[in-house]
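This report describes selected features of one protein chain, moving from its sheet to the helices and then to individual residues. The reader may wish to keep the structure in view throughout.

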Amino acid sequence: MNRLVVAAPASGSGKTTVATGLMAALRRAGDRVAPFKVGPDYIDPGYHSVATGRPGRNLDPVMVGEHRVASLFAHGARGCDLAVVEGVMGLFDGRVDTEGVGSTAHVAKLLSAPVLFVVDARGQSRSLAALLHGFRGYDPTVRLGGVVLNQVGSARHEHVLRGACAEVGLEVLGVLPRDDRFALPSRHLGLVTAAEHGPAAVAAVDAIADAVARHVDLDAVRRLAAGAPALAVPAWDPRAEVRPVAGAPAVAVAGGAAFTFGYAEQVELLAAAGADVVVVDPLRDEALPAGTAGLVLPGGFPEQHAAELSANEGLRAAVAALARAGAPVHAECGGLLYLAKSLDGAPMCGVIEAEGAMTSRLTLGYRDAVAPQDSVLARAGSRVTGHEFHRTALSVPHGAKPAWRWRGHDQRPVAEGFVVGRVHASYLHTHPASAPEAVTRFVRACASASARSEATR
């Protein structure tokens, strides 16, 4: 598989612009492009999907374990000509207090992939040579294969920058001029999601693709990607990860503009475990699909759509009735807020006895969590590494039976989330590929609920 990683010295350098533009421009040119994102980010993969027509996928060694990264990559890249992996933050920035675990460099090494380095050139000229020399020398096992210069101000500026790259022996594969038309809309947790941006997201990706096609040497990019050595790993297979459950229980998964923070592997694992997966949009659908035996509520931006979600009283009532009837419900972050009594004053489903509200405080980071008791998702004592990313808070952070416990940065014990009947609701985002047994357990509980429902009819 021809592949490359798009990295940068720091956030804000233009990685998303270049990676998304490359994906779209290469696709236009006839390449089948597999898109990936390093880390737990959900937003960039949405734009990658617009650019490539394929599911955007995440590669996160912290959440899934480094031993799964290459096989998940092979799974997502199957049938493609070339894979583009967008990095996270700066090249060597990984989990705090580790030596770059989960960083872009870590993933590049796990994939034996060359790095296309994107540099925001504003405010520098020959100093670029020192920056490139430092990044290349910091870890020689990470191969910097070329540079894209971003935000270049003039032909003279480009000439000096090219000279700086030549001093350290790095080829310039592209030069992007300063142009505000390439900017994507952002808000409190990053970019506005592609699903919410709608046709404007398609237009923005098209504009970026036009710029990349004009200003980046696509043949040079292909040559760089073709220089990656063979990756001799079996592709991850969801069917090999779970035990199929009989009965084909109907599992509704929330989607649409308000619930976009999900991993492609989750639906694949649910289906492999025997579930009949149906997507429901809480902004539009007024009822759950007929025969729904379980519900998955991923994260997203319900706080941006609180009024519309609240106005859909029929679906809110159906979700509450489903939970009361004992059907399994798995909710994460935005899904947790939807289950609360209210969100910024707007009535929600009322399954969880807590009220949600936007705050000025960002909660962000990986958590090494343990399940304190049995639930539809995990056995007591099960461990998982998840990720928190939100600016909302609940009036009650956890119930009598928390979903998870972990140690905070100060080593104090933290209880978080709710286990209420067969509802498992938490702020913690988890990656199902790291614990496929949890998917089997959930689908089995859905099958049991479906059988009980049939028996009472």
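Two strands are taken to pair if DSSP finds at least two bridges between them. The model discussed here is predicted. By that criterion, strand β1 (residues 2–7) pairs with strand β4 (residues 82–86) in the parallel sense, over five bridges. Within this pairing, L4 is placed opposite V84 of β4.

**The parallel sheet and its helices**

Strands β1 and β4 belong to an open sheet of seven strands, ordered β3-β2-β4-β1-β5-β6-β7, with parallel pairing. The edges are occupied by β3 (57–59) and β7 (172–177); each has a single partner strand, so one side of each is left without a neighbour in the sheet. On average, neighbouring strands of this sheet are turned by 25° against each other, direction ignored.

Helices lie across parts of this sheet. Helix α2 crosses β2 (33–38), β3 and β4, and runs at about 170° to β2. Helix α7 (residues 155–167) lies across β6 (144–152) and β7, with an angle of about 160° to β6.

Helix α2 also has a helical partner. Residues 43–52 form α2 and residues 199–215 form α9; the two pack at an angle of about 70°, and their axes are 10 Å apart. Angles of 65 to 115 degrees count as roughly perpendicular, and α2 is therefore roughly perpendicular to α9. On the α2 side the contact involves Y47, V50 and A51, which meet A201, V202 and V205 of α9. The residues of this contact comprise six nonpolar, no polar and no charged.

**Helix α4**

How far apart are the end C-alpha atoms of helix α4 (residues 66–77)? They are separated by 17 Å, which agrees with the 16 Å that its 12 residues should span at 1.5 Å a residue. The helix is mostly covered, as 10 of its 12 residues are buried. Among the buried residues of α4 are R68, L72, F73 and H75. After α4 comes G79, which has a positive phi near 85°.

**Strands β16 and β17**

Strands β16 and β17 run antiparallel and are joined by 11 bridges. Strand β17 (residues 383–394) is mostly covered, with nine of its 12 residues buried. The bridge partner of A369 in β17 is V384.

V370 is part of strand β16 (residues 352–370). Leaving aside residues up to four places away in sequence, V370 touches G381, S382, R383, A403, W404 and R405. One of these contacts, A403, is 33 residues from V370 along the chain, and the C-alpha atoms of V370 and A403 are 8.6 Å apart.

**Positive phi outside glycine**

Most residues other than glycine have a negative phi. Two residues that are not glycine but have a positive phi are listed below.

| Residue | Phi | Relative accessibility |
|---|---|---|
| S112 | about 50° | 35% |
| C333 | about 55° | 4% |

S112 is located in the loop between α5 (104–110) and β5 (115–120). The loop that holds C333 lies between β13 (329–332) and α15 (334–339). Is each residue buried or exposed, where buried means under 20% relative accessible area and exposed over 50%? S112, at 35%, counts as partly exposed, whereas C333, at 4%, is buried.

Terms used: Residues are numbered from 1 along each chain as its sequence is written. This is a predicted model: local features need pLDDT of at least 70, side-chain atom pairs count only at pLDDT 80 or more; totals for chains, interfaces and linings use all residues. Side-chain values use heavy atoms; hydrogens and water are left out. Axes are lines fitted to C-alpha atoms, for helices over the stretch in contact, and angles run from 0 to 180 degrees between N-to-C directions. Helices (H or I, at least four residues) and strands (E, at least two) are DSSP runs, numbered from the N terminus. Angles under 35 degrees count as roughly parallel, over 145 as roughly antiparallel, 65 to 115 as roughly perpendicular and the rest as oblique. Contact means heavy atoms within 4.5 Å. Ala, Val, Leu, Ile, Met, Phe, Trp, Tyr, Cys and Pro count as nonpolar, Asp, Glu, Lys and Arg as charged, and the others, Gly among them, as polar. The expected span of a helix is 1.5 Å times one less than its number of residues. Buried means under 20% relative accessible area, exposed over 50%, partly exposed in between (1.4 Å probe, protein chains only).
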